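Work through the exercises below with the sequence and the model at hand. Each task is followed by a stepwise solution.

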Amino acid sequence: MELLLLTKISLISLDCKMLRKTVEKYLKLFKDSPNYRETDRIADEMRKEFETSPPSVSEVIQELEKYASNPDEPVASLVMMAAWRNLSKDYTPILCQILNDENNNGLHESVVELLDVLRDERAIPALSKALTYRWSYDEWLNVPRKSLLALAEIGTPEAKMIIESAAQSPEELISEDANMILDNW
């Protein structure tokens, strides 16, 4: 029994190292890329690699946890690309942790997009909080507006109440999107 447990732990550790190595390899390729065409080619190559050999859920979670504790982690956006290749609601807690921290805003838009697809009710509080985020670089309020869409996809009565509240927002972009969602509810 102990040998089986140790073998499983060793395999998980190896998996996590594999994702880290893959992501670091592509990060270096992106940094060394001479132009946008090459960057696009590298991104396609990386997507194909993740499609043929998707990372395990546990290794994605482990890498996202590293980002949550260190927002300067350079590989986080590439780990998010890996998460898209192996979708799991198991990501919800760490994604919500990242979204709840206003200082980790480098991934917020990607996190909201992933939560939209996962449609996990556990994300409602974090998505609701994200409706309040305002940054000077986000003049179109992408994070709050995408959060409305994610809440609509979850579709629970609680999510609807939050959208109804957003429909009363003094910010035109928010209220218009919320009302449009409610019109199609």
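How many salt bridges does a search of the whole structure find? The search finds 16 salt bridges, a salt bridge being a side-chain nitrogen of Lys or Arg within 4 Å of a carboxyl oxygen of Asp or Glu.

The model is predicted: local features need pLDDT of at least 70, side-chain atom pairs count only at pLDDT 80 or more, and totals for chains, interfaces and linings use all residues. Residues are numbered from 1 along each chain as its sequence is written, and side-chain values use heavy atoms, with hydrogens and water left out.

**Exercise 1.** Place the salt bridge of E49 and K25 in the chain and state the accessibility of both partners.

Step 1. The side chains of E49 and K25 meet at 3.1 Å, N to O.
Step 2. E49 belongs to helix α2 and K25 to helix α1, 24 residues apart, so the pair links distant parts of the chain. Helices are DSSP runs (H or I, at least four residues), numbered from the N terminus.
Step 3. E49 is partly exposed at 25% relative accessibility, and K25 is partly exposed at 39%. Buried means under 20% relative accessible area, exposed over 50%, and partly exposed in between (1.4 Å probe, protein chains only).

**Exercise 2.** Do the same for the salt bridge of R85 and E51.

Step 1. The N to O distance between the side chains of R85 and E51 is 3.8 Å.
Step 2. R85 sits in the loop between α4 (76–84) and α5 (92–100) and E51 in helix α2, so the pair ties together parts that are 34 residues apart in sequence.
Step 3. R85, with a relative accessible area of 31%, is partly exposed.

**Exercise 3.** Is each partner in the salt bridge of R122 and D120 buried or partly exposed?

Step 1. Their side chains meet at 2.5 Å, N to O.
Step 2. R122 is partly exposed at 47%, whereas D120 is buried at 7%.

**Exercise 4.** Name the residues linked in a network of salt bridges.

Solution. The network links R20, E24, E63, K66 and E73.

**Exercise 5.** Describe the largest nonpolar core and the contacts of L127.

Step 1. The core has 54 residues; a nonpolar core is a set of buried Ala, Val, Leu, Ile, Met, Phe, Trp, Tyr and Cys residues joined through side-chain atoms within 4.5 Å.
Step 2. Y91, L95, L99 and L127 have the most contacts inside this core.
Step 3. Leaving out residues up to four places away in sequence, L127 touches L99, V112, L115, S147, A150, L151 and I154 (contact: heavy atoms within 4.5 Å).

Methods:
Helices (H or I, at least four residues) and strands (E, at least two) are DSSP runs, numbered from the N terminus.
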